[in-house]
Amino acid sequence: MSTYTLPSQVQVLPATPQLKGLMTIIRSRDTPRADFIFYADRVIRLLVEEGLNHLPVMSKTVETPTGAKYEGLDFEGRICGVSIMRAGEAMEQGLRECCRSVRIGKILIQRDEETHQPKLFYAKLPKDIDSRYVLLLDPMLATGGSAMQAVQVLLDNNVREDRIIFLNLIASKEGIDAFVERFPKIKIVAGEIDEDLNEAKYIIPGVGDFGCRYFGTD
């Protein structure tokens, strides 16, 4: 793999043996769908946990059952999730498991067959999203086209760029560079970085079509 300087806005999960093992399972073409879902969910949980580490916190003191004081932390501000449909919906449960009663919005973006550009088809967001920190959910960052369109939808709804954290399992270098150039204030948390895109703009080595493998559709 050639030398690549990771932009400072991008955080990659530590390449632990556990993560490498999980990635090996979900990348394999021979992995049954039930196993793909189970182990992809584990990676998603790791991503969500790391994404939450990038939210601002403030000091908070509580009293324990022993009557002693504990100097701890509390999250500053409220959050919500926004999934880029359809594959991003696979990450919603992982967010709910970490953040009780979290609000989740949805954005549907598809490629226009004539212009080959991403086009917004549907968006349903929390009414007060402009006052929240947003975890943007999409498993794959390939060219970055859909993700950048989704971010523009958030900005059009008065979400601050520096309050968006983009979570994805696998990102391409090309997608990262394009995304960071356009939105330098957004943090990206990725599971792994892949080298290339093929002619069909799939990430290589990648996992194939994540949404089809997770939801069992062609």
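# Close-up views of a predicted model

**View 1. I79 and its contacts.** I79 touches L52, L55, C99, V102, R132, Y133 and L135, with neighbours within four places in sequence left aside. The model shown here and in every view below is predicted.

**View 2. The largest nonpolar core.** This core holds 36 residues. Within it, I79, L169 and F210 touch the most other members. At least two core residues come from each of α1 (17-27), α2 (33-52), β7 (132-137), β9 and α6 (210-215). Helix α2 gives the most, with eight residues. Another core lies apart from this one and has 29 residues. Among them are C80, L125, A150 and F166. Such clusters fit a general pattern: in soluble globular proteins, nonpolar side chains tend to be buried together.

**View 3. A nonpolar patch at the surface.** Three residues, V57, L73 and F75, make a nonpolar surface patch of about 300 Å². L73 sits in strand β3, which runs over residues 69-75. Is L73 buried or exposed? L73 counts as exposed because its relative accessible area is 63%, and the cut-off for exposed is over 50%.

**View 4. D194, a buried acidic residue.** D194 belongs to strand β10, residues 187-194. Its relative accessible area is 4%, so D194 is buried. Which side chain does the side chain of D194 meet in a polar contact of 2.8 Å? The partner is R27. The side chain of D194 also reaches a backbone atom, the nitrogen of G206, at 2.8 Å. Beyond residues up to four places away in sequence, D194 touches R27, I170, A171, S172, K173, I203, I204, P205 and G206.

**View 5. N168 inside strand β9.** Strand β9 covers residues 164-172 and includes N168. N168 is buried, because its relative accessibility is 0%. Look next at L137. In sequence, N168 and L137 are 31 residues apart. In space, their C-alpha atoms are 6.5 Å apart. Leaving aside neighbours within four places in sequence, N168 contacts L47, D138, P139, M140, L141, I188, V189, A190 and G191.

**View 6. Two cis peptide bonds.** Most peptide bonds are trans. Where does the model have a cis bond with omega near 0°? That bond runs from M85 to R86. R86 is in the loop between β4 (78-85) and α3 (92-98). A cis peptide bond also joins I204 and P205, with omega about 5°. P205 is in the loop between β12 (203-204) and α6. P205 also appears in View 4, among the residues that D194 touches.

**View 7. Two residues with positive phi.** Most residues other than glycine have a negative phi. N158 is not a glycine, yet its phi is positive, near 70°. The loop between α4 (145-156) and β9 holds N158. N158 counts as exposed because its relative accessibility is 55%. K201 is not a glycine either, and its phi is positive at about 70°. K201 lies in the loop between β11 (196-197) and β12. How exposed is K201? With a relative accessible area of 42%, K201 is partly exposed. The value falls in between the two cut-offs, under 20% for buried and over 50% for exposed.

Terms used: Residues are numbered from 1 along each chain as its sequence is written. This is a predicted model: local features need pLDDT of at least 70, side-chain atom pairs count only at pLDDT 80 or more; totals for chains, interfaces and linings use all residues. Side-chain values use heavy atoms; hydrogens and water are left out. Helices (H or I, at least four residues) and strands (E, at least two) are DSSP runs, numbered from the N terminus. Buried means under 20% relative accessible area, exposed over 50%, partly exposed in between (1.4 Å probe, protein chains only). A polar contact is a pair of N or O atoms within 3.5 Å; within protein, one must be able to donate a hydrogen and the other to accept it, and residues adjacent in sequence count only if both atoms are side-chain atoms. Contact means heavy atoms within 4.5 Å. A nonpolar core is a set of buried Ala, Val, Leu, Ile, Met, Phe, Trp, Tyr and Cys residues joined through side-chain atoms within 4.5 Å. Patches are made of residues with over 30% relative accessible area and no salt bridge: like charges are joined within 9 Å, nonpolar side chains (Val, Leu, Ile, Met, Phe, Trp, Tyr) within 5 Å. Accessible areas come from the Shrake-Rupley method with a 1.4 Å probe; for residues, only the protein chains shown count as cover. A salt bridge is a side-chain nitrogen of Lys or Arg within 4 Å of a carboxyl oxygen of Asp or Glu.
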